[in-house]
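Please look over the sequence and the model together before reading on. The paragraphs below lead from the overall fold to individual residues.

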Amino acid sequence: MNLSAPTQIVFIISLVIAIIGLLAGLGVLAFIPLAAVWITLIAYIVLAAGCLMRGA
């Protein structure tokens, strides 16, 4: 399995999701029904998928 750097758009999407998770954890975005740890996990999965899939 070869790893590659994620594209810039995948990185930005992952970063935005991680920031949303951080804000949910701090209570700024209280209307989001998911726990902050799950949102942050989704951001990590998106970033890992971007590293595993070439050209994604």
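What follows is a walk through this structure, beginning with the chain as a whole and ending at its surface.

The model shown here is predicted, and its protein chain contains two helices and zero strands. Measured out along its principal axes, the C-alpha trace spans about 40 × 20 × 15 Å. The chain has 56 residues, of which buried residues make up 16%, while its accessible surface comes to about 4100 Å², with 77% of that area belonging to carbon and sulfur atoms.

The two helices are H1, covering residues 8-26, and H2, covering residues 36-52. How are they placed with respect to each other? H1 and H2 pack at an angle of about 170°, and their axes lie 8 Å apart; because an angle over 145 degrees counts as roughly antiparallel, that is the description that applies to this pair. On the H1 side, the contact is made by Val10, Phe11, Ile13, Ser14, Ile17, Ala18, Ile20, Gly21, Ala24 and Gly25, and on the H2 side by Ala36, Ile39, Thr40, Ile42, Ala43, Val46, Leu47 and Gly50. As for contacts along the chain, of those with a separation of 6 or more, 68% are between residues 24 or more positions apart.

One residue of this contact can be followed in detail. Ser14 lies in helix H1, and it counts as buried because its relative accessibility is 6%, the limit for that class being under 20%. Leaving aside residues up to four places away in sequence, Ser14 touches Ala43, Val46 and Leu47, each of which is listed on the H2 side of the helix contact.

The loop between H1 and H2 holds Leu29. Is this residue buried or exposed? With a relative accessibility of 19%, Leu29 counts as buried, since the class takes in values under 20%. When residues up to four places away in sequence are not counted, Leu29 touches Ile20, Leu23 and Ala24; of these, Ile20 and Ala24 also appear among the H1 residues that make the contact with H2.

The last stop is the surface, where Leu34, Val37, Trp38, Leu41, Ile42, Tyr44 and Ile45 make a nonpolar patch of about 720 Å². Ile42 belongs to this patch and is also named on the H2 side of the helix contact. Ile45, another member of the patch, has its place in helix H2, and it counts as partly exposed because its relative accessibility is 49%, whereas exposed residues are those over 50%.

Note on methods: Residues numbered from 1 in each chain as written. Predicted model: local features only at pLDDT ≥ 70, side-chain atom pairs only at ≥ 80, totals over all residues. Heavy atoms only, no water. Patch = residues over 30% accessible without salt bridge, like charges linked within 9 Å, V, L, I, M, F, W, Y side chains within 5 Å. Areas by Shrake-Rupley, 256 points an atom, 1.4 Å probe, with all protein chains shown as cover. Salt bridge = Lys/Arg side-chain N within 4 Å of Asp/Glu carboxyl O. Helix = DSSP H or I, 4+ residues; strand = E, 2+ residues; numbered from the N terminus. Buried < 20%, exposed > 50% of the residue type's maximum accessible area, 1.4 Å probe, protein only. Contact = heavy atoms within 4.5 Å. Axes fitted to C-alpha atoms, helices over the stretch in contact; angles between N-to-C directions. Parallel < 35°, antiparallel > 145°, perpendicular 65-115°, else oblique.
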